[in-house]
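This report deals with a sheet, the helices packed on it and a loop.

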Amino acid sequence: MAEMISNHKNKKGKKMTRRNTRVDLTPMVDLGFLLITFFVFTTTMSEAKVMNAMVPDDKDSTKTEPVCESCAITFIPGKYNTLFYYEGMEEHPVYKTTTYAAGGLRKLIMDKKKRVIELMHNDKLVMIIKPSAESNFKNMVDLIDEATICRIKRYYITELSESDRKIVQ
């Protein structure tokens with residue numbers, strides 16, 4: 001607490017009222033630490049962010065929507081951050097490679113989307129992702145992020161075929 005020290009006499013013997021005030025700040029420091037502790041324990045630092053995933057309805061598995069061959073593009077992430085892709089369906093694929101950079105993957109998706117809209121007069125682009133055992137989780141997240149950024153309405157995740165396995169190895 002505060003303490004007041006008063007001197008009534010000086011060296012010459014005259015009465016002099018000089019008061020020194022000394023404030024003890026120990027309780028204020030304790031209060032500060034209590035407030036800091038309270039706010040640290042009651043604050044949420046970060047919240048988990050989850051991406052929405054559309055899951056097919058298993059009740060009506062007989063209804064399938066056909067995919068036009070010129071509307072499909074398939075991506076196969078491989079080892080060492082390589083990305084294989086082919087356009088069209090799986091009958092006679094011509095494999096090519098690209099990078100995960102915006103100038104590679106994003107440009108490729110946007111160009112394909114533009115061609116599909118010109119051809120079909122509608123956005124019917126289908127992106128098929130076939131992760132391999134050699135690819136890592138970051139590659140998969142990058143592909144899904146690019147699909148979200150490019151506003152791809154339909155993308156599927158499926159297993160590798162035998163011809164795809166040969167190309168990845």
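The text below covers the source of the model, then the sheet, the helices and the loop residues.

The model is predicted: local features need pLDDT of at least 70 and side-chain atom pairs count only at pLDDT 80 or more, while totals for chains, interfaces and linings use all residues. Residues are numbered from 1 along each chain as its sequence is written, and side-chain values use heavy atoms, with hydrogens and water left out.

**Sheet**

Helices (H or I, at least four residues) and strands (E, at least two) are DSSP runs, numbered from the N terminus. Two strands pair if DSSP finds at least two bridges between them. Five strands make up an open sheet with mixed pairing, in the order 5-4-3-6-7. Strand 5 and strand 7 (154-157) are at the edges with a single partner strand each, so one side of each has no neighbour in the sheet. On average, and ignoring direction, neighbouring strands of this sheet are turned by 25 degrees against each other. Strand 3 and strand 4 run antiparallel and are joined by five bridges. Opposite glutamate 87 in strand 4 stands isoleucine 73.

**Helices**

Axes are lines fitted to C-alpha atoms (for helices over the stretch in contact), and angles run from 0 to 180 degrees between N-to-C directions. Contact means heavy atoms within 4.5 Å. Helix 2 lies across strand 3, strand 4, strand 5 and strand 6, at about 165 degrees to strand 3. Helix 3 also packs on the sheet, where it touches strand 3, strand 4, strand 6 and strand 7, and its direction makes about 175 degrees with that of strand 6.

The expected span of a helix is 1.5 Å times one less than its number of residues. For the 19 residues of helix 2 (residues 102-120) this gives 27 Å, which agrees with the 26 Å between its end C-alpha atoms.

Buried means under 20% relative accessible area, exposed over 50% and partly exposed in between (1.4 Å probe, protein chains only). The buried residues of helix 2 are Gly104, Leu105, Leu108, Ile109, Lys112, Lys113 and Val116. Their cover includes strand 3 (72-77), strand 4 (83-87), strand 5 (96-98), strand 6 (126-129) and helix 3 (137-149). Just after helix 2, histidine 121 has a positive phi of about 60 degrees.

**Loop between strand 3 and strand 4**

Tyrosine 80 is found in this loop, and asparagine 81 lies there too.

| Residue | Phi | Relative accessibility |
|---|---|---|
| Tyrosine 80 | positive, about 60 degrees | 76%, exposed |
| Asparagine 81 | positive, about 60 degrees | 45%, partly exposed |

Tyrosine 80 is not a glycine, and neither is asparagine 81.
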